[in-house]
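Reader: Hello! I am new to this structure, so please pick out one part and take a close look at it with me. I would be glad of plain words and of a short explanation for each term.

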Amino acid sequence: MSSSKKKIVENIFYVGVNDREKTLFENYLPLPQGVAYNSYLINDVQTALIDTVDVHFVGQFLANVEYILQGKPLDYLIINHMEPDHAGSIGFVCQKYPNVKIVGNVKTFEMLKGYFGIDNQIHTVKEGDSISLGEHQLSFFMAPMVHWPEVMVTYEQKTQILFSADAFGTFGTNDGGFMDTQLNTDKYWDEMRRYYACIVGKYGAPTQAALKKLSALPISFICSTHGPVWQKEIAKVVSLYDKWSKYEAQKEGVVIAYGSMYGHTMQMAEAVCEGVIAGGVKDAIIYNVSKTDTSFILSDIFQYNGLIIGSPTYNTELFPLIETLVHQIEHRGIKNKVYSCFGSYSWHGNAVNILTQLAQKLNWQMVSPTVENKHALSQDKEKQCFALGQAVAEKLKVVSIA
Ligand code: FEO
């Protein structure tokens, strides 16, 4: 590692790693573009490491740290977040630097004891506390449930760097550089929304609270635990987090998510989609839930203001993969959708009934009439599907994007 390439500002360094090997984040979310585990090192009179990395990369990580320290002791380990994709290497850091003082809050240290059996050399901080490293001063602000209860963020006053834990993070490795000023950031925006939708998406209100609290700080750099260091794009990433955490759509468009065993519900989805386009909405995205991972569908549900779900009735309930999608939507309490649904059945219809209840639970704007078809799709039902899509599009035309 060349230290000049890893410098963020004078004496503050990136010491994270890229993971190009793992296929599933948290063992269920696809990583087509990999992921970075970011860690940062401040080399002042006193030295401080901010978060660690997934334990599978501990060798490379410790080498990155030592390349900067060059035999100097590590004085502080700041733990912003205890999830093992960041905390996994804490035990090895403590072995290598046995005199390090570990900085966290009360909730951090309950987890530190549970995961690592460590309860000594700890320094407990609370909201607004500070530590001086010499020229640099670190202040700590609690950000509970963004995305675990112990999460805090660390702010360095001289350089106006916010070490933000998972907030403003994204899937995708840092390829050949780690500053947004060095990289074409286009590849991150969809993955950042998918990351938000899947990891933080349930916690809109806590994210809003954290954004409000941090809005008073002048920020020149955001150093998240995943993805690039944000400098040029700070306004954009803050604005995106603000929008997503309010469950506001970014674009006019309709996600049509369907499940289909033998093709009949798929035929309905095609007719619905034609209706959406005929109604004047240009972005209509059909997802076959058996083919596309739920995380990508959720990401687009956060992006667009329209949603239509189609399901066969399966053993009197929803098609299993639609049930999974519906559960993920409910779990996140996704708001502000113009919505409708459709379905098919062979001997007992109920899917449309269940899908209609979803709108009531989440207080969505329901567009009726819905369509439920028995056996092969009749011309009459196909026309009803087209009309349903058209009605959703027309409703969207009178809903403004914030
Ligand atoms: Fe990247 Fe919540 O850990």
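**From a loop to the domain contact**

Author: Let us start with one residue: His-375 is partly exposed, with a relative accessible area of 44% (buried is under 20%, exposed over 50%, partly exposed in between, using a 1.4 Å probe and protein chains only). What you see is a predicted model, in which local features need pLDDT of at least 70 and side-chain atom pairs count only at pLDDT 80 or more, while totals for chains, interfaces and linings use all residues. Residues are numbered from 1 along each chain as its sequence is written, and side-chain values use heavy atoms, with hydrogens and water left out.

His-375 sits in the loop between β23 and α12 (379-397); such elements are DSSP runs numbered from the N terminus, with helices (H or I) of at least four residues and strands (E) of at least two. Its phi is near 65°, a positive value in a residue other than glycine. Tyr-247 also has a positive phi, about 60°, and is not a glycine. Tyr-247, however, is buried, with a relative accessible area of 7%, in the loop between α7 (234-245) and β17 (251-258).

Now to the part I chose, the contact between the domains. The domain assignment, which is automatic or from a database, gives domain 1 (3-245) and domain 2 (254-396). Their C-alpha centres lie 39 Å apart. Domain 1 brings 14 residues to the contact and domain 2 brings 10, where contact means heavy atoms within 4.5 Å.

Together they bury about 1000 Å², with 58% from carbon and sulfur atoms; this is the accessible area (1.4 Å probe) that two parts lose on being put together, summed over both. On the domain 1 side, Arg-193, Ala-197 and Lys-202 lose the most area to domain 2, together 45% of what that side buries.

Arg-193 appears again here: its side chain meets that of Asp-300 in a salt bridge (3.4 Å, N to O), meaning a side-chain nitrogen of Lys or Arg within 4 Å of a carboxyl oxygen of Asp or Glu. The rule finds one salt bridge across this interface.

Which elements give two or more residues to the domain 1 side? They are β5 (29-30) and α5 (188-200). Of these, α5 gives the most, with seven residues. By class, that side has eight nonpolar, one polar and five charged residues (Ala, Val, Leu, Ile, Met, Phe, Trp, Tyr, Cys and Pro count as nonpolar, Asp, Glu, Lys and Arg as charged, and the others, Gly among them, as polar).
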